[in-house]
Amino acid sequence: PVIYIRVLKGHTQYSQGSPTAPHILYFWQVLEGFTQENRRAFIRFVWAQERLPTTDQEFERTGTRMMIKPFSSTGARQNPDDAFPKADTCFFNLMLPEYSSAEVLRERLLFAIHTDSDSMNADVPHDEQVRPPAGRRNPLGFLDFLQ
C-alpha cells in the first residue's frame, strides 16, 4: 500500500500545539523523505496498521485522523533530543518531542518505528520478535545488540 503524506497531513490534528511549530515542520519534512517502507513502518508504529485511507473521502467516511500531542518527559529526560516519540496505537496518537532539528527527529523516529514493530502482531511468536527479520537492515546501525 502507498502512504500519501499530503493526505495524512490534511487529516492530522494538533493537541496543544501549532502545525507551524518547528518540530512539527521537521516531522512532515522527515516523513516526506521516508521511503514507502519506512512510511508503512511509521503507520504501524503509530496506528498498528500498514495502510491508510488513500483519499480525503475515505478518511472522512471512516472518521480516521492522526493526532499529534505534546510529549511529556519525566525524570532525568529533560532534553527533548534525548527522548523517543511515543504512540497510542488504539487512538492513532503520536506524542512528539520538540526536537532541535530534522536530523535528530529522523534518527529518533527511525529507531522508534523499527524497534519491536511487531510486538502487537499475534501471528509472530514472541521469540521471533527479539531479532529483526532476516534481511532487514537496522536503519541507524546501532541496534547491533539485538543480533
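## Briefing: core, sheet and helices of a predicted model

Ala48 is partly exposed, with a relative accessible area of 31%. This residue sits in the loop between H3 and helix H4 (56-62). The model is a predicted one. Its protein chain holds six helices and four strands. Of the 147 residues in the chain, 38% are buried. The points below take the backbone, the sheet, the core and two helices in turn.

**Chain layout**

- Read from the N terminus, the elements run α-β-α-α-α-β-β-β-α-α.
- Contacts across the sequence count for much here: among those with a separation of 6 or more, 67% join residues 24 or more positions apart.

**Two residues with positive phi**

- Most residues other than glycine have a negative phi.
- Ala48 has a phi near 60°, a positive value in a residue that is not glycine.
- Phe92 also carries a positive phi, of about 60°, and is not a glycine.
- Phe92 belongs to the loop between S3 and S4.
- Is Phe92 buried or exposed? Phe92 is buried, because its relative accessible area is 2% and the cut-off for buried is under 20%.
- Ala48, at 31%, is partly exposed.

**The sheet**

- Four strands make up an open sheet, ordered S1-S2-S4-S3, with mixed pairing.
- S1 and strand S3 (86-88) are the edge strands, each pairing on one side only.
- From one strand to the next, the twist averages 25°.
- H2 packs on this sheet and touches S1, S2 and S4. The direction of H2 makes about 140° with that of S2.
- Strands of a sheet pair through backbone hydrogen bonds, either parallel or antiparallel.
- S1 and S2 run parallel and are joined by three bridges.
- Within that pairing, Gln13 stands opposite Met67 in S2, and Tyr14 has Ile68 of S2 as its bridge partner.
- S2 also pairs with S4, in the parallel sense, over four bridges.
- Ile68 stands opposite Leu94 in S4. Ile68 is thus a meeting point for Tyr14 and Leu94.

**The nonpolar core**

- The largest nonpolar core contains 32 residues.
- Which residues have the most contacts inside this core? They are Leu8, Phe27, Trp28, Leu31, Phe42, Met66 and Leu109.
- Elements giving two or more residues to the core are helix H1 (5-10), helix H2 (22-33), helix H3 (36-47), strand S2 (66-70), strand S4 (93-96) and helix H5 (102-114).
- H5 gives the most, with seven residues.
- Leu8 shows how the core is knitted together across the sequence. Leaving out residues up to four places away, Leu8 touches Trp28, Leu31, Phe42, Ile43, Leu52, Phe59, Met66 and Phe92.
- Phe92, the buried loop residue, is therefore one of the contacts of Leu8.

**Helix H2**

- H2 has 12 residues, which at 1.5 Å a residue should span 16 Å. Its end C-alpha atoms are 17 Å apart, which agrees.
- The buried residues of H2 are His23, Ile24, Phe27, Trp28, Val30 and Leu31.
- Seen down the helix axis, the buried residues of H2 fall within an arc of 160°, so they line one face.
- The face turned away from the buried side carries the exposed residues Pro22, Gln29 and Gly33.
- The buried residues of H2 pack against H1, strand S1 (12-14), H3, S2, S4 and H5.

**Helix H5**

- What span should the 13 residues of H5 have at 1.5 Å a residue? The expected span is 18 Å, and the end C-alpha atoms of H5 are 18 Å apart, which agrees.
- Of the 13 residues of H5, 10 are buried, so H5 is largely enclosed by the rest of the structure.
- Those buried residues are Ala102, Val104, Leu105, Arg108, Leu109, Leu110, Phe111, Ala112, Ile113 and His114.
- The list of buried residues in H5 includes Arg108 and His114.
- H2, H3 and S4 are the elements that the buried residues of H5 pack against.

Technical notes
Residues numbered from 1 in each chain as written. Predicted model: local features only at pLDDT ≥ 70, side-chain atom pairs only at ≥ 80, totals over all residues. Heavy atoms only, no water. Core = buried A, V, L, I, M, F, W, Y, C linked by side-chain atoms within 4.5 Å. Buried < 20%, exposed > 50% of the residue type's maximum accessible area, 1.4 Å probe, protein only. Contact = heavy atoms within 4.5 Å. Expected span 1.5 Å × (residues − 1). Arc of directions from axis to C-beta. Pairing = 2+ DSSP bridges. Axes fitted to C-alpha atoms, helices over the stretch in contact; angles between N-to-C directions.
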